Structures are given as structure tokens and as C-alpha cells.
Protein chains: 2
Amino acid sequence: MKFEEKTTHRETIYQGKIIDLFLDDVQLPDGKAAKRELVKHPGAVAIIAFVEADKMIFVRQYRKALEKTIVEIPAGKIDPTDTDHLETAKRELEEETAYQAKAFYYDTSFYTSPGFADELLHVYVAEGLHQVAQPLAQDEDEFIELLEWDFNEAWAAYQNGEIIDAKTVYALMFWKLKREKVGE
Amino acid sequence: MKFEEKTTHRETIYQGKIIDLFLDDVQLPDGKAAKRELVKHPGAVAIIAFVEADKMIFVRQYRKALEKTIVEIPAGKIDPTDTDHLETAKRELEEETAYQAKAFYYDTSFYTSPGFADELLHVYVAEGLHQVAQPLAQDEDEFIELLEWDFNEAWAAYQNGEIIDAKTVYALMFWKLKREKVGE
């Protein structure tokens with residue numbers, strides 16, 4: 001593998017509920033030594049969910065890492081027992097929004113921050129939403145406000161800095177391209 | 001602030017060269033207690049750099065966190081002494097690619113993974129590139145292959161999984177929208 005960095009030693013700094021932290025000693029391609037700080041994450045799913053053709057679901061939630069409340073598309077971590085990302089996406093959509101979808105399809109995957117973390121995010125698109133009478137319960141420690149915005153409302157939230165999250169900015173670009181295709 | 005989580009205790013797990021890790025005890029909006037694992041990161045810049053109207057610069061590099069080589073747009077961390085993100089973007093472009101740009105403008109910012117990290121990425125667009133005779137030296141521990149791809153080459157790399165990084169997928173969406181605007 002091009003430019004491979006061989007691990008000469010790994011120190012486990014922390015093993016937590018969601019993330020682990022390792023400090024690797026590596027040998028660089030030129031033979032020199034370097035250190036790499038590495039966060040291991042189980043991966044996550046995110047859902048671009050259209051309630052109507054031009055209305056998307058967002059969630060407003062407090063993010064402790066940022067010490068502020070931001071707006072994102074629905075998303076959630078992959079559980080150790082999950083075997084199928086599509087099932088994880090369906091569960092997370094229902095838990096966060098109380099919606100199920102007639103059509104659910106895979107869109108793309110990307111690493112959120114490959115410089116220091118291995119979190120891989122899988123993005124799904126959900127269409128034909130209907131509310132569930134008795135939805136799956138939200139995670140105990142999650143407090144979420146549900147939003148249903150048309151494109152202009154969402155774009156305004158992007159312009160004013162309330163949407164400032166990579167996967168949600170991706171969803172807006174996806175939506176913009178979709179709208180341009182159908183000539184809206 | 002909506003749904004604010006008050007910090008009742010903070011444990012410093014690790015303070016490193018690039019990232020720090022904290023474990024916060026928080027009080028949730030309903031009064032219950034929870035724990036939050038938080039990675040602090042200095043933030044970064046990324047550059048959507050057009051060598052020609054339909055040719056963008058990419059870098060291929062090994063990412064230890066992923067244990068593989070992937071293709072990304074040029075990017076780099078903000079140094080503690082940096083005061084201006086634009087200057088950081090200019091430096092990182094020159095260090096990684098040996099190019100300077102006639103036009104450099106700000107595009108957007110987003111958090112790469114707000115669920116556990118505060119890394120904020122600032123995206124700039126560079127146009128009118130020219131090679132520098134004696135460019136700034138690359139970081140000692142960075143090994144990079146420079147690529148100049150047209151849209152179809154880049155999109156093919158996305159389809160085959162070599163482009164699998166959030167900021168670079170964003171750059172492709174940005175490029176696609178730009179091309180549709182001018183009718184390419």
C-alpha cells in the first residue's frame with residue numbers, strides 16, 4: 001500500500017463507551033519514526049429524509065463537543081450487534097423522528113475525519129414517510145427537536161450558521177443537485 | 001441554549017500533539033446524569049483548488065487511522081500561532097502541492113463529527129494556480145502524491161471508493177453544482 005506507515009508500537013490510552021484512543025509509533029516510508037493519535041469509532045448512519053418532495057427532516061440537538069445547539073439530519077451510531085447498515089438507518093430514523101419510510105435507499109459513505117479518526121458514515125435516503133403510532137423509544141440521553149423544512153428554510157439555516165455539520169451540508173448539496181435536475 | 005447539558009465534572013484523559021480527550025459528566029435537560037467523551041481538535045482548512053476550469057488538485061496519502069491510502073483535497077491543521085484561516089489555507093496548499101493561487105476565496109465551514117469532536121473545517125476555493133519555484137517544505141512526516149484530475153476522473157475515483165472522505169465528497173458536490181451552472 002502506497003506510503004504505508006508500519007506500526008512499531010501501540011499504546012492504548014482510553015477505551016470508552018463510544019470511542020477508543022490509541023497512540024501508535026509508526027515507521028514512515030523513509031524509515032523515520034513518527035507518532036499517530038488515533039480515535040476508533042464504531043461508525044454511523046445518517047438519513048436524508050424527505051417528508052414531501054421539497055421538505056426534509058432535521059433535528060435540533062445540543063452537542064457537548066461544541067457546547068452549542070445545532071441542526072443536523074437524523075443520524076446515529078452503529079451498535080456492536082448491528083449487522084446491516086440499512087436496518088440501523090431505519091431504526092435511527094424511527095427513534096429520532098417517529099417516521100418510517102416506504103422507500104429507503106443507500107446513497108454514499110465517507111470518513112468524517114480521516115486525519116485522526118476512523119468514523120465511517122453511511123448515508124441513506126428515505127422517501128414516502130409516514131408517522132408511526134408507537135415508535136421506537138429515543139435514547140435516554142438524547143433530547144431532540146424535530147424540524148420539517150423546505151429547501152429555502154434549510155438554506156437559510158445554513159447561511160446563518162445553524163447548519164454547520166459536514167453530513168448535513170452534504171445533504172443540502174444533494175438536495176440542491178436533485179432540485180436542479182428536476183428544474184425547481 | 002436549547003437542551004443545554006451542564007458540565008458537572010471534567011476528567012482530562014489525554015493531552016496530545018494534535019488532539020485532547022476529555023470525559024465530561026453532564027446534567028441532562030431532565031436532570032439526569034450522563035457521560036460525554038469529547039475530542040478537542042485545533043480545526044483545519046481544506047482547499048478546492050482548480051488548476052484549470054475543469055481540473056482539480058487532489059492528494060493521495062496514507063491515513064493511519066484507516067490503515068489505508070485514500071485521495072483527498074489538500075488540507076491541513078490550524079497551527080496554534082495561526083491568526084487567519086485564509087493564510088493557513090494558502091500555506092497548506094503551497095506545502096502540499098507547491099502551488100500558489102491568484103484568487104483565493106472562502107466557501108464554507110463545517111464540523112466534521114460533532115457527536116464526539118469539535119474539529120471545525122474551513123473550506124477555501126483557489127483558482128489561477130501557478131507553481132512556485134521554491135515552495136514551502138512539506139511537513140516532515142507527510143508523504144503525498146499529487147494528482148490533477150478532471151471531473152470524470154475524480155468521479156470515477158469516488159465511485160471506486162478511493163475518494164471516501166467527507167471534505168472531498170463535499171468538493172465533488174461543489175464541482176458538480178458549478179459545472180451544472182455553466183452547462184458543462
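Colleague: What makes a residue part of the lining of the largest pocket, and which ones lie nearest its centre?

Modeller: A lining residue has an atom within 4 Å of a pocket point; on a 1 Å grid over the protein atoms alone, a pocket is an open set of points where a 1.4 Å probe fits, with protein on both sides within 12 Å along at least five of seven lines. Here 45 residues line the largest pocket, with A:Ile18, A:Arg63, A:Lys77, A:Glu142 and B:Gly115 nearest its centre. This is a predicted model, where local features need pLDDT of at least 70, side-chain atom pairs need 80 or more, and totals for chains, interfaces and linings use all residues. Side-chain values use heavy atoms, without hydrogens or water; residues are numbered from 1 along each chain as its sequence is written, and chains are lettered from A and ligands numbered from 1 in the order written.

Colleague: How do the residues of that lining divide by class?

Modeller: Into 19 nonpolar, 7 polar and 19 charged. Asp, Glu, Lys and Arg count as charged, so A:Arg63, A:Lys77 and A:Glu142 are charged.

Colleague: And which residues are closest to the centre of the second largest pocket?

Modeller: Among its 38 lining residues, A:Gly115, B:Ile18, B:Arg63, B:Lys77 and B:Glu142.

Colleague: How do you know how the two copies are related?

Modeller: Chain A lands on chain B with an RMSD of 0.0 Å after a 180° turn and a shift of 0.0 Å along the axis (least squares on C-alpha atoms with pLDDT of at least 70 in both). They are thus related as by a two-fold rotation axis. In chain A, A:Thr112 comes closest to that axis, at 2.7 Å (C-alpha).
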